Amino acid sequence: MKQAKVRLYVEQGLGEGQTIPLTKEQAHYLFGVMRMAVGDPVLVFNGRDGEWRCAVTVANKRNGELVCEAQTKPLQMPPDLWLCFAPIKKARTDFIVEKAAEMGAARIVPVSTDFTNSERIRQDRLQAHAVEAAEQCGGTYVPEVSDLVKLDRLLAEWPEGRQLMFCDEAEVGSAKRLAASTGGPWAILIGPEGGFSDAERARLKALPFAHVVSLGPRILRADTAAVAAMTLWQQSLGDWQ
Ligand code: SAH
């Protein structure tokens with residue numbers, strides 16, 4: 001059997017015999033860029049029905065169609081981890097979203113804090129980055145990227161039972177580690193380039209569900225800190241165990 005060289009995210013439901021009409025962009029990618037033809041296999045997932053092996057049934061420049069043949073992977077949900085982070089410069093924010101999807105975050109939450117430099121994000125563009133990362137890394141789930149939310153509001157509406165790994169640069173070099181004891185839903189919080197304000201730090205530290213954590217003896221850039229924190233969490237509480 002020919003090996004599929006493309007993995008594609010689609011919106012439609014997937015099941016045996018299901019046909020999938022392709023968008024103009026997907027048809028261009030499959031038939032214009034990847035030079036695929038009728039009969040070629042494609043791996044497809046939609047974030048709900050696992051991964052399916054499909055075959056190309058219509059291959060035109062501007063449109064096309066696939067048919068689902070067999071499931072190749074069941075849906076694999078990541079652990080219930082949110083990555084909350086203050087958006088930084090565009091390319092670094094894109095990096096954080098891409099890495100969060102690869103590292104197995106269930107939800108990605110851009111947060112506006114006192115020292116956040118970018119007050120606007122393009123949610124649709126960031127969501128597209130998460131989709132692309134899932135296509136690349138073999139994931140069957142795509143984390144939702146939320147709209148920008150103010151830290152105050154996020155904390156005011158905090159769901160009961162969710163723990164918070166508060167990565168605080170003021171703890172640089174301290175012995176505050178993530179204790180691998182509390183399971184269940186979690187979130188990681190990473191601050192902006194300017195760090196957290198004193199008021200934010202005081203508020204965060206007083207929260208009963210917050211766990212203050214140091215990420216070692218050096219100050220990391222926010223994008224590095226996000227990957228480091230997710231590594232630690234996945235290793236001690238997530239699906240790397
Ligand atoms: N400008 C700030 C640093 C901000 S680093 C200063 O010089 O103090 C950006 C974010 O990464 C921080 O808000 C924090 O969430 C995280 N971070 C970076 N290094 C860290 C460390 N050693 N321990 C805990 N969190 C860290």
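This is a short talk on how the two domains of this chain meet, on some of its salt bridges, and on two single residues.

Hi everyone, and thanks for coming. One thing before we start: what we have on screen is a predicted model.

Let's begin with the overall layout. The chain splits into domain 1, covering 7–73, and domain 2, covering 81–237. Their C-alpha centres sit 33 Å apart. On the contact itself, domain 1 brings nine residues and domain 2 brings eight residues.

How much area do domain 1 and domain 2 bury between them? The answer is about 660 Å², and 62% of that is on carbon and sulfur atoms. On the domain 1 side, have a look at Arg7, Tyr9 and Phe45: these supply 66% of the area that domain 1 buries against domain 2, more than any other three residues.

Now for the polar side of that interface. How many salt bridges are there between domain 1 and domain 2? The count is zero. There are, however, six residue pairs in polar contact between the two domains, with both residues at pLDDT 80 or more. Strand S1, residues 7–9, gives the most to the side of domain 1 that touches domain 2, namely three residues. Sorted by class, that side of domain 1 has three nonpolar, two polar and four charged residues.

On to the salt bridges elsewhere. The general idea is familiar: side chains of opposite charge can pair when their charged atoms come close. The structure holds 19 salt bridges, and I picked out a few of them.

One pairs aspartate 223 with arginine 92, with the closest N and O atoms 2.7 Å apart. Aspartate 223 is in helix H6 (residues 222–236) and arginine 92 is in helix H2 (residues 90–103), so this pair ties together parts that are 131 residues apart in sequence. Buried or exposed? Aspartate 223 has a relative accessible area of 7%, so it is buried, while arginine 92 is partly exposed at 27%.

Staying in helix H2, glutamate 102 bridges to lysine 99, and there the closest N and O atoms are 3.4 Å apart. Both residues belong to that helix, three residues apart, about one turn. Glutamate 102 counts as partly exposed at 39% relative accessibility, and lysine 99 is buried at 17%.

Helix H5 has a pair with that spacing too: aspartate 198 and arginine 201 both lie in it, three residues apart, about one turn of the helix. Their closest N and O atoms are 3.6 Å apart. Aspartate 198 is exposed, with a relative accessible area of 63%, whereas arginine 201 is buried at 14%. Shared partners join Asp168, Glu169, Asp198 and Arg201 into one salt-bridge network.

Last, two single residues. Glutamine 127 is in helix H3, residues 123–137. Why does glutamine 127 count as buried? Because its relative accessibility is 18%, and the cut-off for buried is under 20%. Setting aside neighbours within four places in sequence, glutamine 127 is in contact with Val142, Pro143, Glu144 and Val145.

Proline 208 sits in the loop between helix H5 (198–206) and strand S12 (210–213). With 76% relative accessibility, proline 208 counts as exposed. The C-alpha atoms of proline 208 and glutamine 127 are separated by 31 Å, and the two residues are 81 residues apart along the chain.

That's my tour, and I'm happy to go back to any part of it.

Conventions: Residues are numbered from 1 along each chain as its sequence is written. This is a predicted model: local features need pLDDT of at least 70, side-chain atom pairs count only at pLDDT 80 or more; totals for chains, interfaces and linings use all residues. Side-chain values use heavy atoms; hydrogens and water are left out. Helices (H or I, at least four residues) and strands (E, at least two) are DSSP runs, numbered from the N terminus. Buried means under 20% relative accessible area, exposed over 50%, partly exposed in between (1.4 Å probe, protein chains only). Contact means heavy atoms within 4.5 Å. Domain bounds come from an automatic or database domain assignment. Buried area is the accessible area (1.4 Å probe) that two parts lose on being put together, summed over both. A salt bridge is a side-chain nitrogen of Lys or Arg within 4 Å of a carboxyl oxygen of Asp or Glu. A polar contact is a pair of N or O atoms within 3.5 Å; within protein, one must be able to donate a hydrogen and the other to accept it, and residues adjacent in sequence count only if both atoms are side-chain atoms. Ala, Val, Leu, Ile, Met, Phe, Trp, Tyr, Cys and Pro count as nonpolar, Asp, Glu, Lys and Arg as charged, and the others, Gly among them, as polar.
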